[in-house]
Amino acid sequence: MKRVDDFRLRLGKHELVPIMIGGMGVDISTADLALEAARLGGIGHISDAMINTVADRRYETKYVKEKLALYKYNVKNEDKAVVQFDLGTVAEATRLHIDATMARKQGSGLVFINCMEKLTMNAPKETLRVRMRTALDCGIDGITLAAGLHLGSFALIEDHPRFRDAKLGIIVSSVRALSLFLKKSSRTNRLPDYIVVEGPLAGGHLGFGMDWAKYDLATIVAEVMAHLKSEHLDIPVIPAGGIFTGSDAVAFLESGAAAVQVATRFTVAEECGLPAEVKQEYFKANEDDIVVNEISPTGYPMRMIRSSPAIGDGIRPNCEAYGYLLDANGKCSYVTAYNREVAAHPGARKVKVTDKTCLCTHMRNFDLWTCGQLTWRLKDTTHRLADGSYEILSAEHIFKDYQFSTDNKVALP
Ligand SMILES: Cc1cc2nc3c(=O)[nH]c(=O)nc-3n(C[C@H](O)[C@H](O)[C@H](O)COP(=O)(O)O)c2cc1C
């Protein structure tokens, strides 16, 4: 019976334990978590989602306060188009986060950054260019392009000295998305170094419609591999979404996957950025507490725990402070939904918005509890303590469980 440790992921000159911890936005996949994966010989991700906000929390900067002061006059205005990010502060915040992370890196593994292209920041191209170029400047080992896959992303960094040396990967959920990306980026003469194939059971945003349950990861992975073969392309394929045990991972590795990307098991790790009480919500969740809905203003379905405080809340949009989801025209579907409710309830002190949520504010405050479909199994990965709470795990314990376990077993701490 094979174990994950019987396989290795080769990426250029690197030989790695084929376990990659996926990016989890707004500092859920912290530097500490990513660094553990790297120390143990795998790959970890930090995320650049809401990077200015994360920098304020971690590095004592005041970017959010300063931006809010600049645009305070617009807070009550329905139109958010004037609210722009200062590209200098985006670069600075990115630099602070990556420098602080990479300075602490140990071991033979790698640290990548998850770059969600749906964080359009009221200037999609310009802000993405700064985020990616700064990450390369700071010596990040790799960039994983996610959520929204901007087809021209490689071109935004093709003149960067590290364009061919850093690892660049993409996340797709279909052959169609993959072949579009490959076609579009072929002009840069640069293929992705790895392809994460994310299936319908993943956490965060889904690359599927509300019919996600009709799809199945193993089938999509097989289709992607067949497509690459027919195109004579040799690119490592990394399945993600619902890989809960070492044995689940081995099944993919035996059928030709180069590694696996996992996340949900690590949401209850000590090193994960979720507050301790929220980790307990993840442990407690039952299968019917996990829902996929369309409240994310990105337009993608998102999976979350049903009792997330963000669901049905109606706070005033905070675009002057945050504004990460404002599109190229300064619009966000939460702002539209909020304005609609305010207009429908004149004089109301607080409105309720049920169809969309203020993703920036709620992700920042850890009250949108996005999670993978198999979150309900987390309670079986640890001990229940005398006070009824669940014992938090170390990232090392979870990583090694994936690496060495067999027979679909999960080792308890
Ligand atoms: C709490 C949480 C937050 C996530 N946030 C992001 C994100 O910001 N960007 C992204 O590309 N994927 C995100 N994901 C998806 C993961 O990186 C990963 O691909 C997927 O969840 C793997 O499936 P698993 O959770 O079943 O192991 C998130 C997943 C979780 C559980």
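**Exercises: the ligand shell and helix H5**

A backbone N or O atom of Gly-242 lies 2.7 Å from an oxygen atom of the ligand. This comes from a predicted model.

**Exercise 1.** Decide which of the contacts made to ligand oxygen by Gly-241, Gly-242 and Thr-264 count as polar contacts.

*Solution.*
Step 1. Take the cut-off: a pair of N or O atoms within 3.5 Å.
Step 2. Gly-242 offers a backbone N or O atom at 2.7 Å, so this pair counts.
Step 3. Gly-241 also uses a backbone N or O atom, at 3.2 Å, so this pair counts.
Step 4. Thr-264 uses a polar side-chain atom, 2.5 Å from a ligand oxygen. The ligand alone exposes 600 Å², and the protein buries 96% of that.

**Exercise 2.** Describe the shell around the ligand.

*Solution.*
Step 1. Count: 23 residues surround the ligand.
Step 2. Name the closest: Gly-25, Glu-198, Gly-242, Gln-261 and Thr-264.
Step 3. Sort the shell: nine nonpolar, 13 polar and one charged.
Step 4. Find the strands: S5 and S11 (260–262) each give at least two shell residues.

**Exercise 3.** Check the length of helix H5 and find what covers its buried residues.

*Solution.*
Step 1. H5 runs over residues 124–137, which is 14 residues.
Step 2. From first C-alpha to last, H5 reaches 20 Å, close to the 20 Å expected at 1.5 Å a residue.
Step 3. List the buried residues: Thr-127, Leu-128, Val-130, Arg-131, Met-132, Thr-134, Ala-135 and Leu-136.
Step 4. Recall that residues three or four places apart on an α-helix point the same way, because a turn takes 3.6 residues.
Step 5. The cover includes H4 (87–102), S5 (110–116), S6 (142–146) and H6 (153–156).
Step 6. After H5 comes Gly-139, with a positive phi near 80°.

Methods. Residues are numbered from 1 along each chain as its sequence is written. This is a predicted model: local features need pLDDT of at least 70, side-chain atom pairs count only at pLDDT 80 or more; totals for chains, interfaces and linings use all residues. Side-chain values use heavy atoms; hydrogens and water are left out. Helices (H or I, at least four residues) and strands (E, at least two) are DSSP runs, numbered from the N terminus. The expected span of a helix is 1.5 Å times one less than its number of residues. Buried means under 20% relative accessible area, exposed over 50%, partly exposed in between (1.4 Å probe, protein chains only). Contact means heavy atoms within 4.5 Å. A residue is near a molecule or strand if one of its heavy atoms lies within 4 Å of it. A polar contact is a pair of N or O atoms within 3.5 Å; within protein, one must be able to donate a hydrogen and the other to accept it, and residues adjacent in sequence count only if both atoms are side-chain atoms. Accessible areas come from the Shrake-Rupley method with a 1.4 Å probe; for residues, only the protein chains shown count as cover. Ala, Val, Leu, Ile, Met, Phe, Trp, Tyr, Cys and Pro count as nonpolar, Asp, Glu, Lys and Arg as charged, and the others, Gly among them, as polar.
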